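Let's take a walk through this model together, going from pairs of charged side chains to the spaces and the nonpolar interior. Please keep the view open beside the text as you read.

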Amino acid sequence: MNNFEQQKAKFRTRPGFIAALDQSGGSTPKALKLYGIPETAYSGDAAMMDLIHAMRTRIITRPSFNGDRILAAILFENTMDRSIEGRPTAAYLWEVKKVVPILKVDKGLEAEANGVQLMKPTPGLDDLLARAKGKGIFGTKMRSVIKQANAAGIQAVVRQQFEVARQIIAAGLVPIIEPEVDIKCPDKADAEDLLKAAIMAELDKLPDGQLVMLKLTIPTRDNLYTDCIKHPRVLKVVALSGGYSREEANTRLARQHGMVASFSRALTEGLTAQQTDAEFNAALDQAIESIFQASKT
């Protein structure tokens, strides 16, 4: 089997979760601050990106970060274009760690309308997908946000996500569709019911052989997404932590049968630049193990 088929088989057959290491743009300063590096410690985007890459490199190169418990890692474009220990990041992840590389491809969010935030346009997406494929990237991730149980807004989010997903599938990659429901949504359960119905309708339209993954907020009603998990066009359904602490996210996730984590902030919670390597390794190993266990249900 080629790398792509091996990676697809890993998603189908191996336990584990996705490490979301794709902070970009406006979220990078916050990620660095939580890591113990304030904005006063650097000046300009170039220095900021150097620091976030150093943080990601420290995480990825730790002994506990490997394919035994981690299925995949989501990267920002800047990370994909850099190297770790002399190898392109995606190659290092797969060849050294046996962790599947995935690329964030959205360009951020539009202003809220109809209770949702659609994705901004993605000019040059075909070129980015071709470059990603050439670098050994397996799939992509793109995020929208749902803030209200507005049927028209949710339909627009899902329609846009699947429209771009078809473009990604045509490029030979597997898209992760992420229509996040804000955990502060006042009618979150109703929004999730609308979202599930819209997703199932779009999944049923996909031709045989086309695969997507879904990245969804942990639902208010446990096991709401069982039908999505069982759908023949779905490779994996993963959960975002959505602002919950790691402990709460793990507790909620453990009740969702067949759903695994794709955590970002909840994964790096408690990791700091000031920790010694021994302290950092121990904290990361503990985080990975707790998320892995919550993903095994």
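A good place to start is Arg 255, which forms a salt bridge with Asp 222, their closest N and O atoms being 2.9 Å apart. Here a salt bridge is a side-chain nitrogen of Lys or Arg within 4 Å of a carboxyl oxygen of Asp or Glu. Arg 255 lies in the loop between α10 (246-253) and β11 (260-263) and Asp 222 in the loop between β9 (212-217) and α9 (226-230), so the pair ties together parts that are 33 residues apart in sequence. Helices (H or I, at least four residues) and strands (E, at least two) are DSSP runs, numbered from the N terminus. Arg 255 is partly exposed, with a relative accessible area of 37%, and Asp 222 is partly exposed too, at 35%. For these labels, buried means under 20% relative accessible area, exposed over 50%, and partly exposed in between (1.4 Å probe, protein chains only).

Before going further, please note that this is a predicted model: local features need pLDDT of at least 70 and side-chain atom pairs count only at pLDDT 80 or more, while totals for chains, interfaces and linings use all residues. Residues are numbered from 1 along each chain as its sequence is written, and side-chain values use heavy atoms, with hydrogens and water left out.

How many salt bridges does the structure hold? There are 24. Another of them joins Lys 147 to Asp 182, with 3.2 Å between the closest N and O atoms. Lys 147 lies in the loop between β7 (139-146) and α7 (151-170) and Asp 182 in the loop between β8 (174-181) and α8 (188-205), so this pair ties together parts that are 35 residues apart in sequence. Lys 147 is partly exposed, with a relative accessible area of 23%, whereas Asp 182 is buried, at 18%. The side chains of Lys 104 and Asp 106 also meet in a salt bridge (3.0 Å, N to O), and both Lys 104 and Asp 106 are buried. Elsewhere, salt bridges link Glu 77, Asp 81, Lys 107, Arg 131 and Lys 135 into a network.

Now return to the loop between β9 and α9, where you will also find Asn 223. Asn 223 has a positive phi of about 60° although it is not a glycine, and at 25% relative accessibility it counts as partly exposed. Lys 98, in the loop between α5 (89-96) and β5 (100-104), likewise has a positive phi of about 60° without being a glycine. Lys 98 is partly exposed, with a relative accessible area of 40%.

Asn 223 leads us on to the empty spaces, as it is one of the residues that line the largest cavity, together with Pro 219, Leu 224, Tyr 225, Thr 226, Ile 229, Gln 256, His 257 and Met 259. On a 1 Å grid over the protein atoms alone, a cavity is a set of points where a 1.4 Å probe fits but cannot get out, and a pocket is an open set with protein on both sides within 12 Å along at least five of seven lines; lining residues have an atom within 4 Å of a point. About 30 Å³ of space lies in this cavity, a volume being the space filled by probe spheres set on grid points that are joined across faces, edges and corners. Its lining divides into five nonpolar, four polar and no charged residues. In this count Ala, Val, Leu, Ile, Met, Phe, Trp, Tyr, Cys and Pro are nonpolar, Asp, Glu, Lys and Arg charged, and the others, Gly among them, polar.

The largest pocket holds about 940 Å³ of space. Of the 34 residues that line this pocket, the closest to its centre are Gln 23, Ser 27, Arg 143, Glu 180 and Ser 264. α2 gives the most to the lining, with four residues, and the lining as a whole divides into nine nonpolar, twelve polar and 13 charged.

Finally, look at the interior. The largest nonpolar core has 81 residues, and those with the most contacts inside it include Phe 65, Leu 195 and Leu 214. Such a core is a set of buried Ala, Val, Leu, Ile, Met, Phe, Trp, Tyr and Cys residues joined through side-chain atoms within 4.5 Å. α7 gives the most to this core, with eight residues.
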